[in-house]
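This report goes through a single protein chain, from its overall fold to a few chosen residues. The sequence and the coordinates come first.

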Amino acid sequence: MNETNERLKAAVLVPVYRNKTGELILVLVRRTEGDIHGGQLAFPGGKVASEDKSPLDTALREAEEEIGLNRTNVEILEQLPNVFTQTSRFDITPFLAKIVRPEKWKIAEREVAEVIEVPVKELLKPKAHGEEIMHFPQWPDPRKVPFYRVGKYQLWGATYWILSPILKELSKGNWNI
């Protein structure tokens with residue numbers, strides 16, 4: 001956890017592609033256990049490094065490092081609104097990206113436990129939505145936290161707040177994907 005009140009800069013890709021049948025697929029990663037975000041569903045990305053020229057450079061670098069997504073197979077469709085995580089104090093810049101899915105994901109096992117590809121239409125079903133009371137030491141009180149069910153996992157937190165505002169728009173085809 002960030003012990004100061006300093007905001008840490010981070011960036012993520014929100015990768016989407018159409019599979020062979022034309023279905024729109026969202027790519028997520030499940031973080032490896034061990035840190036504050038261990039086991040959580042997320043988008044590929046991470047902290048801005050000193051060598052990164054921009055948040056976009058961070059997102060592209062991290063996606064390549066974490067899941068082997070080469071930046072030449074990424075088309076940025078839009079920079080989405082930043083999301084701030086109160087628990088870990090990350091100020092995250094997300095980028096919606098149309099990708100060419102690699103034949104095989106190259107997972108950085110130290111950071112990523114698995115790549116999860118979920119049809120966008122599955123996240124729009126009422127049964128995919130839920131809420132749960134959660135409490136973290138950094139929070140003064142327990143809170144009701146919304147989430148999407150993704151298989152046996154819950155997608156919540158910053159990933160939820162990045163995805164939620166664009167999910168219906170993705171399903172309507174408002175971007176050329």
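Helices here are DSSP runs of H or I with at least four residues, strands are runs of E with at least two, and both are numbered from the N terminus. The model discussed is predicted. In these terms, G157 belongs to helix α3, which covers residues 157-163. The chain as a whole has 4 helices and 11 strands.

**Overall dimensions and surface**

A compact globule of 177 residues would have a radius of gyration near 16 Å, and the protein chain agrees with this because its own value is 16 Å. Along the principal axes, the C-alpha atoms fill a box of roughly 45 × 45 × 30 Å. Buried residues make up 49% of the 177 in the chain. The exposed area is about 9,700 Å², with 49% of it supplied by carbon and sulfur atoms. Of the contacts between residues at least 6 apart in sequence, 57% join residues at least 24 apart.

The side chains include 25 positive and 25 negative ones, and the centres of these two sets are 5 Å apart.

**Confidence**

The mean pLDDT of the chain is 91, and 94% of the residues reach 70 or more. Helix α1 (residues 55-67) has the highest confidence, at 98, whereas helix α4 (residues 167-172) has the lowest, at a mean of 90. Where pLDDT is low, the predicted coordinates should not be read in detail.

**Selected residues**

Is G157 buried or exposed? G157 has a relative accessible area of 18%, and the cut-off for buried is under 20%, so G157 counts as buried.

M134 is part of strand β9, residues 129-134. Its relative accessibility is 10%, and therefore M134 also counts as buried. Leaving out residues up to four places away in sequence, M134 touches W139, P142, R143, V145, Q154 and W156.

K168 sits in helix α4. With a relative accessibility of 57%, over the 50% cut-off, K168 counts as exposed.

V100 is located in a loop, between β7 (90-99) and β8 (112-119). Which residues does V100 contact, leaving aside its neighbours within four places in sequence? They are L69 and N73.

**Separations in sequence and in space**

The table lists C-alpha to C-alpha distances for pairs that involve the residues above.

| Pair | Apart in sequence | C-alpha to C-alpha distance |
|---|---|---|
| V100 and A63 | 37 residues | 13 Å |
| M134 and P165 | 31 residues | 22 Å |
| K168 and T21 | 147 residues | 20 Å |
| G157 and L41 | 116 residues | 9.1 Å |

For G157 in helix α3, the partner L41 is 116 residues away along the chain, with 9.1 Å between the C-alpha atoms. For M134 in strand β9, the partner P165 is 31 residues away along the chain, with 22 Å between the C-alpha atoms.

Key. Residues numbered from 1 in each chain as written. Predicted model: local features only at pLDDT ≥ 70, side-chain atom pairs only at ≥ 80, totals over all residues. Heavy atoms only, no water. Rg over C-alpha atoms; globule rule 2.2 N^0.38 Å. Buried < 20%, exposed > 50% of the residue type's maximum accessible area, 1.4 Å probe, protein only. Contact = heavy atoms within 4.5 Å. Areas by Shrake-Rupley, 256 points an atom, 1.4 Å probe, with all protein chains shown as cover. Lys, Arg positive; Asp, Glu negative; His and termini not counted. Charge placed at Lys NZ, Arg CZ, Asp CG, Glu CD. pLDDT = per-residue confidence, 0-100.
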